[in-house]
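Open the model in your viewer and keep the selection panel at hand. The stops below go from the nonpolar interior to the charged side chains.

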Amino acid sequence: MVSLSALWLPIVLAAVAVFVVSSIIHMVFKYHNKEYRKLPNEDGLMEAIHAENVTPGFYSFPHLASAKDMGSEEMQAKFKRGPVGVMNIQPNGPPSMGKLLGMWFAYSLLVGFFAAYLAGRTLGPGTSYLTVFRVVGASSFMAYSFAHLSDAIWKQKPWSMSLKHVFDGLIYGLVTAGVFGWLWP
């Protein structure tokens with residue numbers, strides 16, 4: 001067993017490495033740029049949402065208060081007529097990239113912490129690079145990727161978008177595993 005205090009360096013360096021790699025993915029490769037499409041009448045829709053004073057939050061439409069509502073003729077008609085969707089309304093103003101990047105780094109630290117916890121409880125000092133790589137890689141890949149699959153299922157996010165994020169998660173998991181394998185005590 002390896003204590004978490006002995007793994008602080010790989011936790012921090014893995015988070016830094018993931019942060020750098022994710023920056024390269026988004027600023028150099030840019031394969032995520034076309035994931036979001038512009039609405040045909042964006043200004044009109046934005047004005048309608050503004051006029052209704054819709055506050056920040058996650059919305060579904062048509063909205064079901066309970067599963068029983070799905071059986072009503074009125075709700076069936078709304079679903080057939082459409083549109084059907086989910087919508088995330090964020091606070092007004094440009095996104096605070098500093099805050100978002102800080103939260104991403106904190107998330108990467110959290111992934112590294114739990115990968116360290118799992119590996120530290122299952123592997124001993126001197127464990128081979130490849131064994132550490134497999135344990136940390138599998139756990140960090142799951143942490144970075146699996147929520148995107150759930151979003152594709154339940155929020156009906158396009159599978160192509162979700163699979164790109166799963167691919168990113170694979171890269172982040174491999175980077176995390178490499179750092180831990182390299183610095184394993």
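Which residues in the largest nonpolar core touch the most other members? This is a predicted model, and in it the answer is Leu7, Val132, Val136, Phe180 and Trp184, out of 14 residues in that core. Select these five to begin.

Next, colour the helices that feed this core. Helix H1 (8-29), helix H4 (97-122), helix H5 (129-154) and helix H6 (159-183) each contribute at least two of its residues.

Now centre on Val136. Leaving aside residues up to four places away in sequence, Val136 touches Ala115, Ala119, Thr176, Ala177 and Phe180. Phe180 is also among the core members with the most contacts to other members.

Then select Val18, Ile25, Tyr144 and Tyr172. They belong to a second core of 5 residues, separate from the one above.

The last stop is charged. How many salt bridges does the structure hold? There are 2. Select Asp151 and Lys155: they form one of them, with the closest N and O atoms 3.2 Å apart. Add Lys157, which pairs with Asp151 at 4.0 Å between the closest N and O atoms. Through the shared partner, Asp151, Lys155 and Lys157 make up one network.

Is Asp151 buried or exposed? Asp151 counts as buried because its relative accessible area is 18%, and the cut-off for buried is under 20%. Lys155, with a relative accessible area of 40%, is partly exposed.

How values were computed: Residues are numbered from 1 along each chain as its sequence is written. This is a predicted model: local features need pLDDT of at least 70, side-chain atom pairs count only at pLDDT 80 or more; totals for chains, interfaces and linings use all residues. Side-chain values use heavy atoms; hydrogens and water are left out. A nonpolar core is a set of buried Ala, Val, Leu, Ile, Met, Phe, Trp, Tyr and Cys residues joined through side-chain atoms within 4.5 Å. Buried means under 20% relative accessible area, exposed over 50%, partly exposed in between (1.4 Å probe, protein chains only). Helices (H or I, at least four residues) and strands (E, at least two) are DSSP runs, numbered from the N terminus. Contact means heavy atoms within 4.5 Å. A salt bridge is a side-chain nitrogen of Lys or Arg within 4 Å of a carboxyl oxygen of Asp or Glu.
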